[in-house]
Amino acid sequence: MPTCLITGITGQDGAYLAQHMLQKGYRVAGLIRRSASSDVIGERLRWLGIINDIELVDGDLIDISSLIRVLQKIQPGEIYNLAAQSFVATSWHQPLLTSEVTGLGATKMLEAIRITGGGARFYQASSSEMYGLIQEPEQSEKTPFYPRSPYAVAKLYAHWMTVNYRESFGLHASSGILFNHESPLRGIEFVTRKITDGVARIKLGLAKELPLGNLDAQRDWGHARDYVRAMALMLQQDKPEDYVIATGKTTSIREFCRIAFSYAGLNYQDHVVTRSDLMRPAEVDVLLGDAGKARTKLGWVPETSLEAMVAEMVDADLARHRARAA
Ligand code: NDP
Ligand code: GDR
């Protein structure tokens with residue numbers, strides 16, 4: 001049975017990727033770090049109904065000894081490195097932690113692969129945030145990077161280490177430069193889920209206002225379920241390479257608000273307020289990805305429209321709040 005190891009399995013992408021790999025017939029192991037709140041950890045895996053189908057192994061990306069032990073125990077053929085301090089805003093408050101986990105963590109896993117010598121294929125979760133202050137209107141694998149946050153700087157380091165280990169040691173290491181992707185399992189601190197949760201609370205009379213930061217930023221948003229398919233496809237290729245994964249459409253936060261509020265029969269202008277403390281020290285104004293290479297080489301195309309995704313997210317948040325109130 002093919003075996004994969006997923007770091008960050010308790011996060012949004014980890015949960016969907018685990019589901020996808022189980023459906024493909026893999027034995028799925030996931031790295032899980034110790035927490036005093038172990039009863040709530042794994043909530044997303046429970047939501048998808050797959051927690052009992054996964055082998056959870058104790059480890060932390062900061063601790064290379066734990067990674068070596070996990071690789072020796074699981075002996076994966078494929079490793080998906082999704083673990084990170086992934087919230088851009090937090091990276092200005094915790095730049096060193098972000099560098100340790102999001103940056104150095106990837107190198108620790110690459111080293112663990114070299115040291116244990118099992119020859120596992122490696123996927124690195126790179127990010128469109130690396131483009132930051134964009135150097136081309138549409139960003140592809142060839143576009144120069146210009147990171148704008150400690151998070152993006154850390155991701156760029158991890159990205160180049162992945163490329164370097166591929167070129168230096170012949171590792172089957174690929175980097176997926178994924179643009180924003182969302183879902184009902186998105187962390188509540190990210191803007192899309194914050195909006196759909198806000199819509200649900202306002203609709204149910206639990207709140208009146210939704211405070212947000214910069215409404216003019218634009219993002220290329222896809223659905224996480226579509227994007228994890230691309231990760232798996234990258235590791236099935238004979239040759240390791242880097243791929244941009246995106247929808248090729250960009251939408252402002254303001255327009256996302258309009259779509260989400262109007263889906264629930266509300267007008268966003270009656271509820272959204274802007275707050276200066278939610279603005280970032282340096283903003284990424286606009287991102288728009290060109291996933292032509294993934295389309296041609298992987299046969300990957302996104303299947304979920306923004307409108308369908310927003311509807312799924314608002315419905316899930318309404319259901320969550322109704323269940324809590326019952
Ligand atoms: P999440 O924030 O939802 O998940 C992050 C995961 O990393 C969690 O499982 C978390 O565990 C784990 N983690 C954090 N620190 C450590 C550590 N020290 N050791 C082990 N595990 C750790 O992120 P997403 O699922 O949204 O994203 C997955 C990856 O893809 C991330 O690397 C992210 O930066 C990157 N990415 C995401 C994009 C997106 O739009 N979602 C776009 C481009 C890249 P715990 O539950 O214990 O906190
Ligand atoms: P991002 O996602 O920074 O693109 O990183 P996020 O949803 O946090 O922000 C997107 C844009 O929305 C603006 N914004 C707000 N953001 C948040 N979180 N909260 C608000 O109240 C708010 N108001 C406006 C932000 O300024 C920004 O412009 C995500 C993460 O998943 C990264 O890990 C990943 O690498 C990138 O996507 C691609």
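Two packed helices count as oblique when the angle between their axes is neither under 35 degrees, nor over 145, nor from 65 to 115. In this predicted model, helices α7 and α11 pack at an angle of about 50°, and α7 and α11 are therefore oblique to each other. Helices α9 and α11 pack at about 55°, and α9 and α11 are likewise oblique. The points below take these two pairs in turn, then a further helix and some single residues.

**Helix α7 against helix α11**

- Helix α7 covers residues 191–203 and helix α11 covers residues 306–325.
- The axes of α7 and α11 lie 8 Å apart, and the crossing of these two helices is right-handed.
- On the α7 side, the residues that meet α11 are Thr-192, Arg-193, Thr-196, Asp-197, Val-199, Ala-200, Arg-201 and Lys-203.
- On the α11 side, the residues that meet α7 are Val-310, Met-313, Val-314, Asp-317, Leu-318, Arg-320 and His-321.
- By type, the residues of this contact between α7 and α11 are 6 nonpolar, 3 polar and 6 charged.

**Asp-197, a residue of that contact**

- Asp-197 sits in helix α7.
- Is Asp-197 buried or exposed? Its relative accessible area is 9%, and buried means under 20%, so Asp-197 is buried.
- Apart from neighbours within four places in sequence, Asp-197 is in contact with Ile-188, Asp-317 and His-321.
- Asp-197 and Arg-320 are 123 residues apart along the chain, and their C-alpha atoms are separated by 9.2 Å.

**Helix α9 against helix α11**

- Helix α9 covers residues 253–263, and its axis is 10 Å from that of α11.
- The crossing of α9 and α11 is right-handed.
- Helix α9 makes this contact through Phe-256, Ile-259, Ala-260 and Tyr-263, and helix α11 through Leu-306, Glu-307, Val-310, Ala-311, Val-314 and Asp-315.
- The residues of the contact of α9 with α11 comprise 8 nonpolar, no polar and 2 charged.

**Surroundings of helix α9**

- Which residues of α9 are buried? They are Ile-253, Phe-256, Cys-257, Ile-259, Ala-260 and Phe-261.
- The elements that cover these buried residues include α7, β8 (210–212), β12 (251–252), β13 (272–274) and α11.
- Gly-265, just after α9, has a positive phi of about 75°.

**Helix α8 and Asp-226**

- Helix α8 (residues 224–236) has 13 residues.
- From its first C-alpha to its last, α8 reaches 19 Å, close to the 18 Å expected at 1.5 Å a residue.
- The buried residues of α8 are Ala-224, Asp-226, Tyr-227, Val-228, Ala-230, Met-231, Ala-232, Met-234 and Leu-235.
- Asp-226, which belongs to α8, has a relative accessible area of 3% and therefore counts as buried.
- Leaving out residues up to four places away in sequence, Asp-226 touches Trp-300, Pro-302, Glu-303 and Thr-304.

**Gln-75 in a loop**

- Where is Gln-75 placed? Gln-75 is in the loop between α3 (64–74) and β4 (78–81).
- The phi of Gln-75 is near 50°, which is a positive value in a residue other than glycine.
- The relative accessibility of Gln-75 is 60%, and exposed means over 50%, so Gln-75 counts as exposed.

Definitions and conventions. Residues are numbered from 1 along each chain as its sequence is written. Chains are lettered from A and ligands numbered from 1 in the order in which they are written. This is a predicted model: local features need pLDDT of at least 70, side-chain atom pairs count only at pLDDT 80 or more; totals for chains, interfaces and linings use all residues. Side-chain values use heavy atoms; hydrogens and water are left out. Axes are lines fitted to C-alpha atoms, for helices over the stretch in contact, and angles run from 0 to 180 degrees between N-to-C directions. Helices (H or I, at least four residues) and strands (E, at least two) are DSSP runs, numbered from the N terminus. A crossing is left-handed if the near helix is turned anticlockwise from the far one by less than a right angle, and right-handed if clockwise. Contact means heavy atoms within 4.5 Å. Ala, Val, Leu, Ile, Met, Phe, Trp, Tyr, Cys and Pro count as nonpolar, Asp, Glu, Lys and Arg as charged, and the others, Gly among them, as polar. The expected span of a helix is 1.5 Å times one less than its number of residues. Buried means under 20% relative accessible area, exposed over 50%, partly exposed in between (1.4 Å probe, protein chains only).
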